[in-house]
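Work through these exercises with the structure open beside you. Try each task before you read its solution.

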Amino acid sequence: MRIEQAHISTYSHLTKEFLSRWNLREYDNPEEPAFFWGLQWDTVKNQKDRSRKDRRKSVDADLYVKHKGFKILHFVGAEFYNGLLHLVDKKNAKVLCTDVSEAWLCKKLQMSHKHLKIPYFDLDFHKSTKLGDKIYSHVADGEKFPVGLAPNLEYKKLSNLFGRENFCFPDKWKTINELLNFFNQSYCNIKPHPIRGNVSAWRLGLMGRKTIQHENKRFADQGPHYIYYKDDKELVKLVEQESKKVGTLQEELAKKVKECYHESDDWLYEEYWL
């Protein structure tokens, strides 16, 4: 039996793209098979009408735990530290992992899982284009450059190292259609954090851009578009190396990145997990 519905965490900006890509509807039936993406605490907006005592709630976790039918769980990353995994029946859970960090967590917790790089969006949306002359770096939802709201993303440090004028990341959150303009201006992507920014890195890979990621043996994402640095000196060297490709089309790289994806919908069938 195929899963036809999905509950996606309210924080996710990929809901529409993901549901469309896999022909799923938004979650509405606790009896039918379902896909759950993300266990996070409710946002402030969802909590504003609750009493102070009742504010620490998670709709994501509540729906997942109470779901009676077959279910697959997929992480968003917040589960590493938000404490909600204690509500999951780890012995019987079925977890879909797309990144190295997620698979590592499942192994650590001895949770049954499949490691598949499924696409969150239509892969054909991102075409290989000529490399621009700027550097891109992931900007997280609600976080602006160069205010230190996310110091682990190192906006200020990167700006000081390469010069703000050499970057093309936006100063506020953008939709994917708006982000394409920034992607097209870039010739490479710098990713200081081992987990955050993975989706952007893969989007850019499909467009022929390499991501220069800080080396992290435990969590570093893997793919033909990733290269790794240990320190600032090595980072500068790798950026300089990529800058020599400005104005070129990197179609072979884009092809290799696309080939990494598991495009079949076989994982949506209950039989796949038996």
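**Exercise 1. A pocket and its lining**

Task: Find how much space lies in the second largest pocket, and sort the residues of its lining by character.

Solution. The model is a predicted one.

Step 1. The second largest pocket holds about 160 Å³ of space.

Step 2. List the lining. It consists of Tyr64, Val65, Phe70, Lys71, Leu87, Val88, Asp89, Asn92, Ala93 and Lys94.

Step 3. Sort these residues. The lining divides into 6 nonpolar, 1 polar and 3 charged.

**Exercise 2. The surroundings of asparagine 198**

Task: Place asparagine 198 in a helix, decide whether it is buried or exposed, and list its contacts outside its sequence neighbourhood.

Solution.

Step 1. Asparagine 198 belongs to helix α7, which covers residues 198–206.

Step 2. Check the accessibility. Buried means under 20% relative accessible area. Asparagine 198 has 6%, so it counts as buried.

Step 3. Set aside the neighbours within four places in sequence. Asparagine 198 then contacts Asp99, Lys191, Gln213, Asp221 and Tyr226.

Step 4. Look at the side chains. Those of asparagine 198 and lysine 191 are joined by a polar contact of 2.9 Å.

**Exercise 3. How helices α7 and α6 are covered**

Task: Say how many residues of α7 are buried, then find what the buried residues of α6 pack against.

Solution.

Step 1. Count along α7. Of its 9 residues, 8 are buried, and the helix is mostly covered.

Step 2. Name them. The buried residues of α7 are Asn198, Ser200, Ala201, Trp202, Arg203, Leu204, Gly205 and Leu206.

Step 3. Look past the helix. Glycine 208 follows α7 and has a positive phi, near 90°.

Step 4. Move to helix α6, residues 176–185. Its buried residues are Ile176, Leu179, Leu180, Phe182 and Phe183.

Step 5. Recall the helix rule. An α-helix has 3.6 residues a turn, so residues three or four places apart point the same way.

Step 6. Find the partners. The buried residues of α6 pack against α1 (15–21), β7, β8 (186–191) and α7.

**Exercise 4. Salt bridges**

Task: Give the count of salt bridges, then describe the pair formed by aspartate 99 and lysine 117.

Solution.

Step 1. The count comes to 12 salt bridges.

Step 2. Recall the principle. Side chains of opposite charge can pair when their charged atoms come close.

Step 3. Apply it to one pair. Aspartate 99 and lysine 117 meet through their side chains in a salt bridge of 2.8 Å, N to O. Aspartate 99 sits in the loop between β5 (95–97) and α4 (100–109), and lysine 117 in the loop between β6 (113–115) and β7 (134–137), so the pair ties together parts 18 residues apart in sequence.

Step 4. Check burial. Aspartate 99 is buried at 8% relative accessibility. Lysine 117 is buried too, at 14%.

Step 5. Try another pair. Aspartate 28 and arginine 25 form a salt bridge, with their closest N and O atoms 3.0 Å apart. Arginine 25 counts as partly exposed, at 30% relative accessibility.

Step 6. Take one further pair. Lysine 245 and glutamate 242 meet in a salt bridge of 3.1 Å, N to O. Lysine 245 is partly exposed at 22%, whereas glutamate 242 is buried at 1%.

Step 7. Look for shared partners. Salt bridges join Arg2, Glu4 and Asp265 into one network.

**Exercise 5. Positive phi without glycine**

Task: Find where asparagine 23 and glutamine 110 lie, and decide whether each is buried or exposed.

Solution.

Step 1. Start from the usual case. Most residues other than glycine have a negative phi.

Step 2. Take asparagine 23. Its phi is positive, about 55°, although it is not a glycine. Asparagine 23 lies in the loop between α1 and β2 (25–26).

Step 3. Take glutamine 110. Its phi is also positive, about 55°, and it is not a glycine. Glutamine 110 is in the loop between α4 and β6.

Step 4. Compare with the cut-off. Exposed means over 50% relative accessible area. Asparagine 23 has 60%, so it counts as exposed. Glutamine 110 has 71%, so it is exposed.

**Exercise 6. Serine 264**

Task: Locate serine 264 and find which backbone atom its side chain reaches.

Solution.

Step 1. Serine 264 is in the segment after α9 (251–259).

Step 2. At 33% relative accessibility, serine 264 is partly exposed.

Step 3. Its side chain reaches the backbone nitrogen of aspartate 266 at 3.1 Å.

Step 4. Look across the chain. Serine 264 and proline 119 are 145 residues apart along the chain, and their C-alpha atoms are separated by 9.9 Å.

Conventions. Residues are numbered from 1 along each chain as its sequence is written. This is a predicted model: local features need pLDDT of at least 70, side-chain atom pairs count only at pLDDT 80 or more; totals for chains, interfaces and linings use all residues. Side-chain values use heavy atoms; hydrogens and water are left out. On a 1 Å grid over the protein atoms alone, a cavity is a set of points where a 1.4 Å probe fits but cannot get out, and a pocket is an open set with protein on both sides within 12 Å along at least five of seven lines; lining residues have an atom within 4 Å of a point. Grid points are joined across faces, edges and corners, and a volume is the space filled by probe spheres set on the points. Ala, Val, Leu, Ile, Met, Phe, Trp, Tyr, Cys and Pro count as nonpolar, Asp, Glu, Lys and Arg as charged, and the others, Gly among them, as polar. Helices (H or I, at least four residues) and strands (E, at least two) are DSSP runs, numbered from the N terminus. Buried means under 20% relative accessible area, exposed over 50%, partly exposed in between (1.4 Å probe, protein chains only). A polar contact is a pair of N or O atoms within 3.5 Å; within protein, one must be able to donate a hydrogen and the other to accept it, and residues adjacent in sequence count only if both atoms are side-chain atoms. Contact means heavy atoms within 4.5 Å. A salt bridge is a side-chain nitrogen of Lys or Arg within 4 Å of a carboxyl oxygen of Asp or Glu.
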